[in-house]
Structures are given as C-alpha cells and as structure tokens.
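Biologist: Could you walk me through this structure and show me how each label was earned?

Modeller: Gladly; here it is.

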Amino acid sequence: MKKTFAFLLMFTLLATTFPAGSTHAESAFVTSAPMQRYMPAGQPFHAVLGLSDMDEIGSAAMVKQDGQCADIGQEDLRSWLTVYWNFSPFDRVIVPYDETVSYEYYIKLWTKDKTKSYVVYPNGGVIVGAYGEPSFSHGETKKNYIWYLPYIGNGRNALYTADTKLATKYLFENSDTFAGTLRESTPDDAASLPGQNLLMTADASPWAKAEIQKAAACNLLPYELTDGYRNSITRQEFGSLMYRLIATEFSPDSDSRMGEVATIERVTAERQLADKMQAVSFSDCEDYKIQFLAAAGIILGMGDGTFAPDASITREQAATLLYRTAVFLQNKTIPGAGSASLYDDENAISDWARSAVRTMKSMDIMRGTSETRFEPKGIYTVEQAIATALRLYECY
C-alpha cells in the first residue's frame with residue numbers, strides 16, 4: 001500500500017523518504033554539479049541547487065500526485081524562495097530507492113533559460129544525484145541517492161509553512177485561499193530521478209572500483225569513507241562501516257540520518273544490549289556507533305580504558321571484526337574454520353585471530369595478499385574494508 005502524504009510528513013520526523021517510482025523516469029538530473037565531486041555535509045538551500053542569485057529561478061509549478069498542476073505566480077514564487085534560499089543547513093543524506101513511497105505534491109523550479117530544473121519534495125528535500133551504480137543484489141536491483149534535507153529542528157517549520165501556503169493557494173480547490181488554475185501536467189513537469197552518479201572513485205585502485213560502486217548502491221558505504229580509498233582504515237572508520245552494514249542487514253532501506261539510528265535502536269532492544277551499551281566507556285571515544293559495536297561484542301577496547309579510534313586496523317584485526325559481525329548477524333553461511341594451514345605465514349597470525357582468518361578465507365570474504373601469504377600485521381585499507389563488507393553482505 002502506498003504511503004500517504006500525511007504519513008510521509010510524520011515519518012520524515014524520524015527518517016527520510018523517497019518518491020514513488022511510478023512517477024519517476026531515469027534521466028540526467030539538471031543541477032550544476034559536476035560528476036563525482038565531494039558533496040559537503042551541510043549547505044544552504046541555494047548551494048544545494050548550485051545557484052548564487054535568486055533571480056536565476058524564472059518559473060515554478062506545483063505538481064500533484066494525480067497529475068494536475070498549477071503554475072506559481074511570480075510574487076508567490078519570490079516569497080517562497082525568500083524563505084528557502086538561505087535556509088541552512090540542509091543535511092546530506094543517503095536514501096535508498098523505495099518505489100512504495102508516495103507524496104501529495106512537489107514543487108518544480110526552472111531557471112530563466114529553462115536549461116536547468118530542480119524538484120523540491122514535501123519534506124523540503126532535493127535529490128542531487130545517484131550514489132553508486134545500480135547493482136543487482138539480494139534478488140533485486142539496488143539504487144541509492146544523495147538527498148539534501150533540512151536539518152531536524154523547529155527551524156524547518158518555516159519551510160513547511162511556506163509549502164503549505166502555496167499548496168492551499170494553488171492546489172487545494174476546497175481551500176478558502178485557493179486562487180490557482182489547475183492544468184494537466186506535461187512531461188516537462190515530471191520529477192525525473194537523477195542519472196548523475198556523484199560517488200567519487202577516481203583515487204580508488206582499479207580492482208576496487210566496481211565493489212565500491214556496488215557497496216554504495218547497496219546502502220553499505222558511509223559517505224565519509226568516499227575519499228582516500230587507498231589509505232589505511234582506522235578503528236573508528238572500520239566500526240562505522242560495520243555499523244552501517246548491520247543497519248542495512250536489518251533494514252535495507254534505512255537512510256543515513258534518522259533511519260539508521262532507528263534501526264540500530266530496534267536491534268539494541270531486540271538483542272537486549274541497552275544495559276551493555278550503558279556500561280561501555282572509553283576515555284578517548286564517545287562515538288555511539290562504537291558503543292553499540294562494543295556492546296554487541298564486535299569491537300573491543302585496548303584493555304586500558306581507551307579505544308584508540310585513530311589507530312590503523314591490521315589485517316588480522318579486520319578478519320576478526322568481520323567474523324564477529326557475521327556471527328552477530330547470524331549469518332547462515334559461516335562454515336567451520338578447519339585446522340589446515342592456509343598460508344605460509346600462518347604462524348605469524350595471533351592465536352585469537354587464526355580461526356577468524358580461516359573462516360573469512362573459506363567464505364571468500366577476505367583473502368591473502370597472495371596465494372601463500374596473509375600478512376596479518378599489515379595495514380588494511382579503506383577500499384579493502386569496503387570490498388570485504390560488501391562480500392559479507394552478499395553471503396546470505
């Protein structure tokens with residue numbers, strides 16, 4: 001059943017939403033953003049559009065779910081833009097494609113020369129581009145998008161008020177303030193899904209690019225890890241990756257803002273981890289993601305009350321954390337570790353990691369640096385961590 005707009009507005013207080021697939025075609029999204037550029041975490045509305053002057057917007061229309069629409073008068077458009085233009089911040093949020101979500105209307109803006117257009121949804125959100133190449137996994141094609149949404153707080157009520165004022169004047173014929181002229185929408189009024197893939201992979205190793213693209217599309221890749229792929233990954237960064245993996249396993253469509261948090265809160269309750277989380281205390285790290293992973297028995301501290309969030313993960317540590325995550329997810333493909341030697345340098349693997357290394361090898365999740373060597377004390381890179389997180393996700 002499609003979600004109604006009333007539910008959508010309530011739902012966006014907790015999580016972001018995605019427009020219905022039935023009214024969206026794939027096309028290039030017409031923003032001024034070049035492909036594969038870093039998208040800042042928070043921006044004012046005009047920066048999200050890539051514009052600096054309000055006068056660059058020449059016309060606008062409100063489009064209803066039923067296909068009717070109304071052209072917005074210049075004075076009303078200016079008033080609406082005045083509310084939105086410098087509103088800040090708009091948060092960068094990763095939102096998976098969900099064809100079941102519907103909405104009552106959206107606002108479409110055009111520049112004066114009609115070369116660019118922008119769609120603003122009832123949650124105040126704007127989709128700026130795709131996040132990863134569409135990829136087949138778990139029996140379906142996964143798609144992910146980068147949205148900018150108003151920050152969560154009372155300040156965004158001004159945006160809602162501005163939207164409602166336009167809607168009651170131009171769309172709702174039974175409203176006392178209705179003064180619009182409804183017409184049938186045209187293809188030019190349609191809200192097309194963005195075709196630009198804004199995920200940066202230029203600095204990734206050639207072997208890793210396809211897996212990075214797929215990890216993003218499958219909702220496994222925190223945006224903060226989309227730079228410096230060949231760098232060693234830190235303990236906190238690896239934790240963030242496992243946290244996102246767990247959220248996606250339990251709720252594939254959870255967005256990177258409140259949807260992710262709500263999912264982990266549900267998992268915390270189901271696994272009865274709340275008390276354990278309260279007991280987690282590191283003198284150098286207060287990250288709630290790390291607290292959850294520690295309570296879940298996936299990642300541990302250094303034994304002296306610290307976590308060392310900026311320390312690099314070694315290869316044997318990565319294998320161990322991947323294994324513990326698989327166990328927490330109750331992965332049904334985990335085999336017995338076996339006792340046969342797999343690598344010439346197996347004696348260099350710590351006793352506490354040897355079983356995990358063998359299991360990750362047998363599941364084809366984490367391999368050696370060659371056919372004969374594992375290099376357990378070697379560094380683990382960001383791109384290697386992303387690739388192995390994806391491989392674990394695909395073992396089900």
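What follows is a short conversation about the terms used for this model.

Biologist: What should I know before we start?

Modeller: This is a predicted model, in which local features need pLDDT of at least 70 and side-chain atom pairs count only at pLDDT 80 or more, while totals for chains, interfaces and linings use all residues. Residues are numbered from 1 along each chain as its sequence is written, and side-chain values use heavy atoms, with hydrogens and water left out.

Biologist: How confident is the predictor?

Modeller: pLDDT is the predictor's confidence in each residue, from 0 to 100. The protein averages 89, and 90% of the residues score at least 70. Over residues 1–36, though, the pLDDT is below 50. Where pLDDT is low, the predicted coordinates should not be read in detail.

Biologist: Why is C69 called buried?

Modeller: Buried means under 20% relative accessible area, exposed over 50%, and partly exposed in between, using a 1.4 Å probe and protein chains only. C69 has 0% relative accessibility, so it counts as buried. C395, at 16%, therefore counts as buried too.

Biologist: And what makes G336 exposed?

Modeller: Its relative accessibility is 62%, so G336 counts as exposed. G336 lies in the loop between α10 and α11 (351–362).

Biologist: How do you know that the length of helix α6 agrees with its number of residues?

Modeller: Helices (H or I, at least four residues) and strands (E, at least two) are DSSP runs, numbered from the N terminus. The expected span of a helix is 1.5 Å times one less than its number of residues. For the 16 residues of α6 (235–250) that gives 22 Å, and the end C-alpha atoms are 23 Å apart, which agrees.

Biologist: Why is α6 described as largely enclosed?

Modeller: Because twelve of its 16 residues are buried. Among them are F238, L241 and I246. The cover over the buried residues of α6 includes α7 (258–270) and α12 (382–393), judged by contact (heavy atoms within 4.5 Å).

Biologist: What makes β2 an edge strand?

Modeller: Two strands pair if DSSP finds at least two bridges between them. β2 (42–43) pairs on one side only, and its antiparallel pairing with β5 (residues 90–96) runs over two bridges. There, Q43 stands opposite F90. The open sheet has the order β2-β5-β11-β8, with β8 (126–130) as the other edge strand.

Biologist: How many disulfides does the structure hold?

Modeller: Zero; a disulfide would be a pair of cysteine sulfur atoms within 2.5 Å.
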